[in-house]
Amino acid sequence: MSEQFEPKIVAFVCTYCTYAGADLAGTSRLKYAPNVRLVRLPCTGRISPMFILKALQKGADGVLISGCHPGDCHFTHGNYHARRRWTVFRALLDFTGIPTDRVKYSWISAAEGVKFAELINTITEDIRALGPFTQYHGLIEETQSQASL
Amino acid sequence: MAKIGVFICHCGENIAGKVDTSRLAAALGDHPGVSVSVEYKYFCSDPGQESVKKAIRENHLTGVVVAACSPRMHEATFRKACAEAGLNPYLCEIANIREHCSWVHSDGDMATDKAIDITRSMVEKVKRNNMLQPIEVPVTRRAMVIGGGIAGIQAALDIASAGQEVVLVEREPSLGGHMAQLSETFPTLDCSQCIMTPRMVEAAQHPNIRLLTYAEVEHVDGYIGNFKVRVRMKSRFVHMDKCTGCGDCYLKCPVKKIPSEFDCGLGKRTAIYTPFAQSVPNNPVIDKTNCIYFKNGKCKLCQKACAADAIDFEMQDEFLELEVGAIVVATGFQVQNTAMYGEYGYGKYADVITGLQFERLASASGPTAGKILRPSDQKEPEHIVFIQCAGSRDPSKGVRYCSKICCMYTAKHAMLYAHKVQGGKTSIFYMDIRAGGKGYDEFTRRAIEEDEASYLRGRVSKVWEENGKLMVRGVDTLLGRPVEIAADMVVLATAMVAQPGAKEFAKTIGIGYDEYGFYNEAHLKLRPVESSTAGIFLAGTCQSPKDIPDSVAQASASASKVLALFSKDRLEREPVIASCNEATCAGCWGCVLACPYNAIEKKDILDRSGRVIKQVASVNPGLCQGCGTCVTFCRSNSIDLAGFTEKQIFAEVMGL
Amino acid sequence: MSIEVQYRNRAKELLSNGEVKLVVGYTGGTTPERRRPVFISSAEQVDRLVLDDLCIANLSGYLVTESLLSDEKSVAVFLRPEGIRSINILAAENQLNPDQIVIFGFEPAGNTIKALDGTNALEFSEFVVSLSENPSVSDSDPVIEKLEKMSAQERFSFWQDEFSKCIKCYACRQACPMCYCRRCIVDCNQPQWINTSPHTLGNFEWNIIRAFHLAGRCVECGNCDRACPVNIPLRLINRRMAVEARESFDHFAGLSMTQEPVLASFKKDDSETFIL
């Protein structure tokens, strides 16, 4: 059997909860899959749907969006706004054929290092099972150019 | 052309033990725009920081990426080092290859690949970082304290005693709040008036405190360090500069049967009145709705009686515009109206009263001069039933939360009753006895063991009148049987709820509130006295139910936050804030609505003749906290967030 | 008297007594079954106005994008129910002053049309509420049903085919009353949001982001769909967004002039079944 597929996953996280949760996973020396790259933002409210598209444009096989639990947002409301956008954007991606399994959303607090590590393992396995996002990669190849900024 | 320095820290073995730092340094060294890519054992050490500084100077670096531990650890350290080497500190970013990489992955090769991605994406971000300057905001060194109960008074005195000016605003005619209404206070049973009134007088006489009673905050504008507050001075119809507080006016007032708010309806007052004998200030006010003159244009007996000529029926409300640098909100609570418990008979039977009414009965300055007498017939009750959680911890009828003080004051009531009425019997229905606090559990034990309060664990289902007695039917769940008690008085431990209009007031001053109307702290654990709005602090029961020690502690904490704010002329803030491109903004106001801090204002763009040609959003840098929610909303990408611009984030993603 | 004549007379009256400076309506198009917008500024010209069931374009967008209201004078405009909702949204988003607009409302009735009572957007409040209670979004669309039965992969291929046709002419944007931004994100190249060359990837991104920007704002007037020269079924994607706004947030776009934008507001108990 050939080497197993290593999916490329980009995560957009808020600095106050999920990023800190990932730090806690680190200080607790929890072990998890090395497939996810984190992009730190001040708040889930700052996570634009365009970021998800940029990650896919870069060739990501999966995307994770994560922030503070409802009620815990450092900026009080950012995650409530984010949740509405995600609801709409998720429906939109689904409708255009981008599988909902490839773009995941979660709440992870600064205390949930274990949840962070487990979630990373789960989504890595899920996306590994889905395989590379060849349909989207096809679109990228068609442009025959380095993704521009 | 970018000249980025990449500094890869081994963190001893913490990083280098897993990540192949040489491969990482080599990979980044080949990356476009990177001038320096070096590794070192501990970059956070003094020699490590020195080597970063040296590299910045020697290579004229335009940006720095330190691949090391979490930015939450050492971002500040390295940004400071950059600043010392003459590089704008916001041109430095941290690539987290320890917590997010070396510590959490088993496979060294894959960890190294990941470390390269993380570091490279940070290099791409840094290339697009802008030089930022900390925001400086001037500070008006004057605080406003809203609410003149014990919390407000404490905060005002603390700030004033530290030498700063305070404006203390109280909407009632006198300072004092709820604490002034109390009889004795747990757990020491010292008389509330004895400890409260000296503080009221001290606040009124303090040279740094400007006291505004019978005044309400109507509008708050501005931001931390620079608030503008409009206060309505309600007309007292008595000139405070002339009034001597002799009391001749209210002795002459013919309207004598108005239920006294201060005595919770158990006593009476006149139409021109001071709320209580020890009021501060002790100048009366005229209650317009009950005054005969205001009703039918005749009377003015008080005016005739006033030797100082202080009474003025033509007096109008006045408005003050005040500039303050910080605000302490100490607006307190109210007792929940227990009318929803029809089965307890509150409002139907005169001898079913609230805990606060019991306080007035037990108070030496109260309507019965401290004797426990039934409101219905002024007889001494022989048996009192107390019902705890009459509103609290009752999601179906009352409120879900615990009001925190009721267990303690009910035990206190039982004690006061035992001390005042020889042989009086006490039965207390309770759900749990919550007596956490210094000397609190000892206090409730004393009520049970020395003052023979009989505690029954269970709820009361019904109170009704029979042969001049109040029949109380409940259940003792510990014995597992129904209980029926013939009582002479029933006291309900009602819930503490938010002030009426608390939510509207929160909107007026621009702070958050919870589902109950209590004001939200910025962080329940770590920032419990700050509101979500910078420069506005919370004290006392407006935030959540509290007892006196907690209220006072929070008030002093708020005061210390205010004093810390006032310790400098100017505030420095992180420049991670949004700004709006006025040329492209379409003025749809989505950002205005989405902003949790009301930091986005509507700005008119005028032509030369002063005509409004368009309206655009404008971010107030004093109020913006940098969450970026507005940026994501903006369809035309007119708003961007410094430090996390679209350009930076796109580059970061593309660098992965 | 037919509605056409009735509205022509009213237009004549409003223009002659100066109550409005302009009437935005429909006139005959290049073929008998086509109608195109017409801007009438003098009473003598009102006979050019045509009104029948072929008048389907939503004319509300011209008011904003052509700055017809900037001199604070009033303008009359022919609007179908969707157009009235657009006016509500544009007013809620501070793009126009509804007091400047005189509405000539009409709605389809079988094969013909009938007039709607009222002239000011406020007078249509109850009517719009009745629309929200019986929304066309609940009508099933056979293509949507077909799409929803497909696998994600098949749906992707469907849209890939459609979007590969896109020539990035931005006619959809020009025709849309909601696309009033002074600078569209697609024109933003520092940083570049969306690949502007007409590759399917950039086309995909453009159409997704445009649909997202219309979420909770699209009234399904169909202007974009009709404007598209390569016949991409844009209405499908916008309808999906309208359904989402309605089902998830009980939001009916253009319900009132004070309606909060669905993506700039929230409820603490918004549903979140998909969040891990």
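Q: In chain B, what share of the contacts with a separation of 6 or more comes from residues 24 or more positions apart?
A: In this predicted model, residues 24 or more positions apart account for 69% of those contacts in chain B.

Q: And how many helices and strands does chain B have?
A: Chain B contains 18 helices and 36 strands. Its C-alpha trace spans about 95 × 75 × 45 Å along the principal axes.

Q: What percentage of chain B is buried?
A: Of the 656 residues in chain B, 52% are buried.

Q: Moving on to chain B against chain A: how many residues does each give to the contact?
A: Chain B contributes 36 residues and chain A contributes 34 residues. On the side of chain B, at least two residues each are supplied by α4 (98-102), α5 (108-127), α17 (629-633) and α18 (646-655).

Q: Which of those gives the largest share?
A: That is α18(B), with six residues of the side of chain B that touches chain A. By class, this side of chain B divides into 18 nonpolar, 11 polar and seven charged residues.

Q: What about chain A with chain C, how many residues are in that contact?
A: The contact takes 34 residues from chain A and 35 residues from chain C. On the side of chain A, the elements that give two or more residues are α2 (49-57), α3 (78-95), β4 (103-107) and α5 (134-143).

Q: Which element has the largest share there, and what classes of residue are involved?
A: Helix α3(A) provides the largest share, 12 residues. The side of chain A that touches chain C has 18 nonpolar, 10 polar and six charged residues.

Q: Now chain C itself. What is the reach of helix α1?
A: Helix α1 of chain C (residues 3-16) has 14 residues and reaches 20 Å from its first C-alpha to its last, close to the 20 Å expected at 1.5 Å a residue.

Q: Which of its residues are buried?
A: The buried residues of α1(C) are Y7(C), R8(C), A11(C), L14(C) and L15(C). Seen down the axis of α1(C), these residues fall within an arc of 130°, so they line one face of the helix.

Q: What do they pack against, and what is on the other side?
A: The buried residues of α1(C) pack against four strands of chain C, namely β1 (22-28), β2 (35-40), β3 (75-79) and β4 (101-109). On the other side of α1(C), the residues V5(C), N9(C) and S16(C) are exposed.

Q: What comes just after α1(C)?
A: Just after α1(C), G18(C) takes a positive phi of about 80°.

Q: Different topic: at what angle do α5 and α10 of chain C pack?
A: Helix α5 (residues 142-149) and helix α10 (residues 234-249) of chain C pack at an angle of about 75°, with their axes 10 Å apart. The helices α5(C) and α10(C) are therefore roughly perpendicular to each other.

Q: Which residues make that contact?
A: From α5(C) the contact uses V143(C), I144(C) and L147(C), and from α10(C) it uses L236(C), R239(C) and R240(C). Four of the residues in the contact of α5(C) with α10(C) are nonpolar, two are charged and none is polar.

Q: Last one: where is N189(C), and is it buried or exposed?
A: N189(C) is found in the loop between α7 (171-175) and α8 (200-214) of chain C. With 11 other C-beta atoms within 10 Å, N189(C) is exposed.

Q: How far apart are N189(C) and F39(C)?
A: N189(C) and F39(C) are 150 residues apart in sequence and 35 Å apart in space, C-alpha to C-alpha.

Key
Residues numbered from 1 in each chain as written. Chains lettered and ligands numbered in written order. Predicted model: local features only at pLDDT ≥ 70, side-chain atom pairs only at ≥ 80, totals over all residues. Axes fitted to C-alpha atoms, helices over the stretch in contact; angles between N-to-C directions. Parallel < 35°, antiparallel > 145°, perpendicular 65-115°, else oblique. Contact = placed C-beta atoms within 7 Å. Nonpolar A, V, L, I, M, F, W, Y, C, P; charged D, E, K, R; others polar. Expected span 1.5 Å × (residues − 1). Buried ≥ 20, exposed ≤ 12 C-beta atoms within 10 Å, placed from the backbone. Arc of directions from axis to C-beta.
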